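This report describes how a ligand is held by its protein and then turns to the aromatic pairs.

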Amino acid sequence: METVVSGIRSTGNLHLGNYFGALKNFVKMQHENNCYFFIADYHSLTTHPTPDDLHGKVKQVLAEYLACGLDPEASTIYLQSDVPEISELYLLLNMNAYVGELERTTSFKDKIRKNPENVNAGLLTYPVLMAADIIIHNATRVPVGKDQEQNLEMARKFARRFNNMYKVDYFKEPQPYNFGEALVKIPGLDGTGKMGKSEGNGIYLFDDAKTIKKKVMKAVTDSGPTEKNSEMPEIIQNLFTLMDVVSDKSTIDFFREKYAECEIRYGDLKKQLAEDITNFNAPIRERILDNLSNNDYLRKVAKMGAEKARESASKTVKDVREIFGFKSF
Ligand code: TYM
């Protein structure tokens, strides 16, 4: 049995990238393993949500997790901010994390380039908090999308460094996980890389048929292939990558063939893609609405999760404090 940890920032509704990059794999693992799934609400503070926004988004994300099939009986589902032990481990790990290595991470460089007016220390130490999230349960597997690979590498580095510095064999090294397959990167609809919450190019699980159609029809395309069996440019490949996750094989084959034969009509492809995404979303959307209207249920899930998570987390923090050398008189 593996110990599995994964989480999602509560900066906005969940999109198809979150689902196919992380949630789907987590859901598949939850019945056979010791699984923890949490809402990274502390991480979301790096982008300064308003106090009103903060709770609403956490509630929405919790309702969405459950709608995607996370089972609160099988796995431990909790809010990061409900487990104070994570903050303590974060503080301790920060003492052994170096500013130079944190400044060099791609996501930090990326964020400061995009938001030069908000280069806060939380952003710099983001990978340390993420490492604390993971190693607090001594996780071995972390189902994430491709974009989190470097953060996972940092988590392994901090775990290893702790073991080396204190001459212990305490933390295991957590591995990114996708059932032996490559990690997933779901593209955005604007042709500029990954689908993201901050990129404004996402299709959310909560989107309805009309919204999806509008977004998909606006997706960037080119003027079409002119030579048979030619290679697809990235913007077209992106549409097929989305099809790969929501459409039937026969549909995908049909449009691939049309492309190869230079007979493709992007309008038809987009219409089909929008329909398939809508069919994928519809039952999830319904369950999200259901969950949102059941505050008692959400409260119960969060309370139960916090208790279970703290049990495991407090054991780790107790051990780590001892290893650091804290003693009571
Ligand atoms: P976040 O909230 O940006 O994304 C949550 C999860 O969704 C995956 N993901 C994607 N996968 C494929 N294609 C995409 N376009 C795409 N967009 C997002 C991410 O890889 C991630 O698995 N730092 C994390 C949250 C976090 C965390 C953790 C995750 C905090 N602590 C501990 C795992 C373990 C983040 O911002 O993910």
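## Basis of the description

A residue is taken to be near the ligand if one of its heavy atoms lies within 4 Å of it. The model is predicted.

## Residues around the ligand

The shell around the ligand comprises 27 residues, of which Arg9, Tyr126, Asp133, Asp147 and Ile186 come nearest. Sorted by class, this shell holds 12 nonpolar, nine polar and six charged residues.

The space that the ligand takes is the largest pocket. Four elements give two or more residues to the shell: β1 (3–9), α1 (16–29), β2 (34–40) and α8 (126–135).

## Polar contacts and burial

Aspartate 147 approaches the ligand through its side chain, where an N or O atom is 2.6 Å from a ligand oxygen atom. Backbone atoms also take part: a polar backbone atom of isoleucine 186 is 2.8 Å from a nitrogen atom of the ligand, and a polar backbone atom of glycine 17 is 3.1 Å from a ligand nitrogen atom.

Taken alone, the ligand exposes 700 Å², and the protein buries 99% of that area.

## Aromatic pairs

The whole structure contains 13 aromatic pairs. One of them joins tyrosine 19 and phenylalanine 280 in an edge-to-face arrangement, with 5.2 Å centre to centre and 70 degrees between the planes.

This pair links distant parts of the chain, as its members are 261 residues apart. Tyrosine 19 belongs to helix α1, whereas phenylalanine 280 belongs to helix α13 (residues 266–292). Helix α1 is also one of the elements that give two or more residues to the shell around the ligand.

Technical notes
Residues numbered from 1 in each chain as written. Predicted model: local features only at pLDDT ≥ 70, side-chain atom pairs only at ≥ 80, totals over all residues. Heavy atoms only, no water. Polar contact = N/O pair within 3.5 Å; in protein donor to acceptor, adjacent residues only side chain to side chain. Areas by Shrake-Rupley, 256 points an atom, 1.4 Å probe, with all protein chains shown as cover. 1 Å grid on protein atoms, 1.4 Å probe; cavity = no way out; pocket = protein on both sides within 12 Å on 5 of 7 lines; lining within 4 Å. Sits in = over half its atoms within 2 Å of the grid points. Nonpolar A, V, L, I, M, F, W, Y, C, P; charged D, E, K, R; others polar. Phe/Tyr/Trp six-rings, centres within 6.5 Å; stacked < 30°, edge-to-face > 60°.
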